[in-house]
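Here is a short, friendly tour to read with the model open beside you. Rotate the view as you go and pick out each residue when its name comes up.

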Amino acid sequence: MVKTTVFFIMGVSGSGKSTVGKLLATELNVPFFDGDDYHPDENVAKMAAGNPLNDTDRKEWLLRLNALVRKNLDSGAVIACSALKESYRSQLADGVLEKIRFVHLKGSFEEIRDRMQKRKDHFMPPKLLKSQFDTLEPPERAISISIKQSPSSIVLKILEHLNQN
């Protein structure tokens, strides 16, 4: 059915990457990884202090995630990762492009801001959402799905799309 072995569920913070990613991983019977867990401690501290990351901050993080992809090529995996810029997606896919697929969860600033204001104990404060939207370069080669539907409906749409290709 699916030739791709590693899926990146991407989008701005608050778009539902982890929720959708866990459901998709369960459906595909592969492990789920939260890309945020691979940030260096300095990045987490910077975001927790209310400061957005820059490209230099993200370099080590992207290298760690590319290594995670390579480690899971045979077994498959789903990784929740913002992957906001095309250059980030290129680094994530370096050397493994034919084995990965991006799924972009799209929502308006207002929808996502409202979600972020409801969640507790996340290191990414809602005040950084604008910086994420400013950074976002919507992918041209991805499965793009609106967050207006339920997480399980989103997963069904992803699976439908995969079965068509």
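## A buried histidine

Let's begin with H104, which touches M10, G11, L136, P138, P139, A142, I143, S144 and I145, leaving out residues up to four places away in sequence. This model is a predicted one, so please read every contact here as a feature of the prediction.

H104 is part of strand β4, which covers residues 100-106. Is H104 buried or exposed? Its relative accessibility is 4%, so H104 counts as buried, the cut-off for that label being under 20%.

## The overall fold

Stepping back, you will find seven helices and five strands in the chain. Read from the N terminus, their order is β-α-β-α-α-β-α-β-α-α-β-α.

How does the radius of gyration fit a compact globule? For 165 residues such a globule would have a value near 15 Å, and the chain has 15 Å, which agrees. The C-alpha trace spans about 45 × 35 × 25 Å along its principal axes. Among contacts with a separation of 6 or more, 76% are between residues 24 or more positions apart.

## Surface and charge

Buried residues account for 45% of the 165 in the chain. The accessible surface is about 8,700 Å², and carbon and sulfur atoms contribute 48% of that area.

On the charge side, the chain carries 24 positive and 21 negative side chains. The centres of these two sets lie 3 Å apart.

## The nonpolar core

In soluble globular proteins, nonpolar side chains tend to be buried together. Here, the largest nonpolar core has 42 residues. Those with the most contacts inside this core are F8, L24, I79, C81, L92, I100 and I158.

I79 is a good place to zoom in. Leaving out neighbours within four places in sequence, I79 is in contact with V6, F7, F8, I9, F33, G35, L65, L68 and V69. V69 belongs to helix α3, residues 55-71, and counts as buried because its relative accessibility is 0%. With the same sequence neighbours left aside, V69 contacts V6, F8, I79, L92, V96 and I100. You can also check the distance from V69 to D94: the two are 25 residues apart along the chain, and their C-alpha atoms are separated by 9.9 Å.

## Two positive phi angles

Most residues other than glycine have a negative phi. N29 has a phi near 60°, a positive value in a residue that is not glycine. You will find N29 in the loop between α1 (17-28) and β2 (32-34). At 71% relative accessibility, N29 counts as exposed.

A83 also has a positive phi, near 45°, and is likewise not a glycine. Its place is in the loop between β3 (77-80) and α4 (86-93). Is A83 buried or exposed? A83 is buried, with a relative accessible area of 0%.

## A lysine in a loop

Our last stop is K148, in the loop between β5 (143-146) and α7 (151-164). K148 has a relative accessible area of 66% and is therefore exposed, since the cut-off for that label is over 50%.

How far is K148 from L162 in space? Their C-alpha atoms are 20 Å apart, with their positions 14 residues apart in sequence.

Terms used:
Residues numbered from 1 in each chain as written. Predicted model: local features only at pLDDT ≥ 70, side-chain atom pairs only at ≥ 80, totals over all residues. Heavy atoms only, no water. Helix = DSSP H or I, 4+ residues; strand = E, 2+ residues; numbered from the N terminus. Rg over C-alpha atoms; globule rule 2.2 N^0.38 Å. Buried < 20%, exposed > 50% of the residue type's maximum accessible area, 1.4 Å probe, protein only. Contact = heavy atoms within 4.5 Å. Areas by Shrake-Rupley, 256 points an atom, 1.4 Å probe, with all protein chains shown as cover. Lys, Arg positive; Asp, Glu negative; His and termini not counted. Charge placed at Lys NZ, Arg CZ, Asp CG, Glu CD. Core = buried A, V, L, I, M, F, W, Y, C linked by side-chain atoms within 4.5 Å.
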